Amino acid sequence: MKMRSLKALAPVDWISALVMIVLGLAVVVGALDYRLGTAGRMGPGFYPMLLGGLMVLLGMGVALRALFGKAADSTSEDKAADDAREEAANSRRSLICVPLSIALFGLLLQPAGLIPACLALVIVSTLAAPTFSIKRLVALCIGVPLLVVLIFVVGLGLPFTLIRGVW
Amino acid sequence: MELFANLAQGASVALTWSALMYCFLGVFLGMVVGVLPGVGPLPAIAMLLPITFYIPQTEAIIMLAGIYYGGQYGGSTASILLNLPGTPAAAVTALEGYPMAQQGRAGIALFLTAIASFVGGIFGVVLVGGFAPLLASFALEFGAAEYFSLLLLALIGAAAIGGGTFLRSLFMVVLGLFLGIVGQDVNSGQFRYTLGIPYMADGLNIVSVAMGLFGVSEVMATAHRHRSTQKESFGLRSMLPSRDDIRRSLPSTGRGSALGAGCGVLPGAGAAMASFLAYALERRLTKTPERFGKGAVEGLTAPESANNAAAQAAFIPSLTLGVPGDAVMAVMLGALMIHGIDPGPGLIADHPDLFWGLVVSFLIGNMMLLVLNIPLIGLWTRLLQIPYSVLYPAILTLICIGVYSINSATFDIFVVMIFGLIGYGLLRLGFPPAPLILGFILSPMLEENFRRALLLSRGDWSVFMTSPISGAFLALSFGILALAVAMAFRTAVKARRADRT
């Protein structure tokens, strides 16, 4: 009983509603830049305007439900909230390492070549794993680039520079 | 017999060595990614996308399709052995399959699911061959208003079964619709929401969006977790079901196949919904409901045959109407469009060799899967022992290279990263990603038909109601909406009542 009313106050609903309304408003504001037209002769702004309006309405719906309906069918939200609490600490690493590794891959691929890009991705993304093992890292650093070169360069003949200036 | 002539034409396409090889590659990889929990068919599609640029269209599609239905076969293995479903549809399989494994009947469960999958798959293929041409000729009559209402039905259906709460699923559909129009507007030439970035003029790439939302955000959510694995080995003898198992499985497999095929044909429904419904049906029909949840074979074979029948039948609306049933199919349609093939009512008439070749390749692929599945069970269980910390760096690499290879643009890699972050945030807030992808791929079609219908009617909105076909689709959509609202209301009232007591 007490638990439930606490859960109803979980900010997940409010954050969701806020995100939905802000995104919807952004779409509406964007659509103002384009010609609206009429239903019979729509300009490029008509359809996105409708979509943005719908997004705002749905966001208001979630906000209303958070206000009145006490945690209606909120299994997924409860789960999300529980997960969030449980993992907040140790998930921060994968939250940073995984996107960072992809960004490094994108930054290195053309200037440095496929192999350095793969190595950067593998090394940085490995840091997100629950345990660190130097043996696994070395194996991945040899295995993944080898696999990638065999499939995409040898097998398919994709025009990749393997290491800029060397290959 | 026209059908036989068509099948003969298809056989001449699908029975060449290269088509057989790519079909095998597709179903094998589909099986592999289906077996591995938390991997899913998207990285496999990403990995094979670059290959598809170097081989003929038909072979490319045969291979991509193989990943799709092969994944349905593989999904059951991890559900049964580890209670870790590889695909959403396989979550139902775990309900009866995992208890069977705990009772030492894992081999029998695996054997029965392989057979049920095969029966369901073949049933679905027959339906594709027989029904798709009919639906295509029916759909040729569709005007803009009918198409608009059909798409609306598909989107609302997808939101209703999308998981999460209905408002959130619906929001994801609309967000997908919005993301789908980024780029140059075909009617006016206006650039919309490109943020002044030249790469965005052609719009966002569905493959990058999907890889980010599903692949990368999944890795972000699970990379730091431990995954336990265990050793199991099976002899062929331990896999033979008893006579009682077979007697129980036969009718449920038949019912599952029929139900699954029906779900697959509906636009917006998919394999996951088929297995849920098939399981629910078996539970209602059985005389011994107490056996369910404790390893009842009917509850295993019905959803397995259903999801495979649905995976095949899903090609009917996807190919003849251009309306995919789930997110993976949406990505596949995106891949088809990259190859210059426009799925729609004209596809069968314009590319009969492609369509019938695909149908025959389904038959062959299902046979290959049956052969792969049972004797190689030892390989699949060993695959399950690869720790996730070794898998995910490889998955990320394959995703990045696959996405890059589409346009040779590093920009797409950053799109993947951004959508990975967005997907992770949305996941945390309880927004399901699948409806977004469906909205994304259907958006250009929806806007086009919306504009055209109202242009033809000179701005008269009643055009969507006055055509009987369009009116029927709209009525169905509102029915689903009303049902979803009523159900949400009922749970809310129940929760409140529970609160008071």
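B:Ser443 is buried, at a relative accessible area of 0%; buried here stands for under 20%, exposed for over 50%, and partly exposed for what falls in between (1.4 Å probe, protein chains only). Its home is helix α20 (residues 434-456) of chain B. Setting aside neighbours within four places in sequence, B:Ser443 is in contact with A:Tyr47, B:Gly176, B:Leu177, B:Gly180 and B:Ile181, where contact means heavy atoms within 4.5 Å. Helices (H or I, at least four residues) and strands (E, at least two) are DSSP runs, numbered from the N terminus.

A word on the ground rules. This is a predicted model, so to speak of local features pLDDT must be at least 70, side-chain atom pairs count only at pLDDT 80 or more, and totals for chains, interfaces and linings use all residues. Residues are numbered from 1 along each chain as its sequence is written, chains are lettered from A and ligands numbered from 1 in the order in which they are written, and side-chain values use heavy atoms, with hydrogens and water left out.

**Where the two chains meet**

Chain A puts 75 residues into the contact and chain B puts in 69. About 6,400 Å² is buried between chain A and chain B, with 73% of that from carbon and sulfur atoms; buried area is the accessible area (1.4 Å probe) that two parts lose on being put together, summed over both. A:Tyr34, A:Tyr47 and A:Ile102 supply 11% of what chain A buries against chain B, more than any other three residues.

How many salt bridges are there between chain A and chain B? The count is one, and it pairs the side chains of B:Arg168 and A:Asp13 at 2.4 Å, N to O. The rule for a salt bridge is a side-chain nitrogen of Lys or Arg within 4 Å of a carboxyl oxygen of Asp or Glu. On the side of chain A that touches chain B, α2 (11-32), α3 (46-67), α4 (75-112), α5 and α6 each supply at least two residues. The largest share, 19 residues, comes from α4(A).

**Chain A by itself**

Chain A has six helices and zero strands. Of its 167 residues, 47% count as buried. Among contacts in chain A with a separation of 6 or more, 57% are between residues 24 or more positions apart.

There is also a nonpolar surface patch of about 500 Å², made by A:Leu127, A:Phe132, A:Ile134, A:Val138 and A:Ile142. Patches take residues with over 30% relative accessible area and no salt bridge, joining like charges within 9 Å and nonpolar side chains (Val, Leu, Ile, Met, Phe, Trp, Tyr) within 5 Å. A:Leu127 sits in the loop between α5 (114-126) and α6 (134-155) of chain A and is partly exposed, with a relative accessible area of 40%.

**Back in chain B**

Two loop residues have a positive phi:

| Residue | Phi | Loop in chain B | Relative accessibility |
|---|---|---|---|
| B:Tyr193 | near 50° | between β2 (191-192) and α9 | 13%, buried |
| B:Ser408 | about 50° | between α18 (388-407) and α19 (410-428) | 46%, partly exposed |

Most residues other than glycine have a negative phi. Finally, B:Thr222 lies in helix α9 (residues 206-222) of chain B and counts as buried at 6% relative accessibility. B:Thr222 and B:Tyr392 are 170 residues apart in sequence, with 9.4 Å in space from C-alpha to C-alpha.

Definitions and conventions. Areas by Shrake-Rupley, 256 points an atom, 1.4 Å probe, with all protein chains shown as cover.
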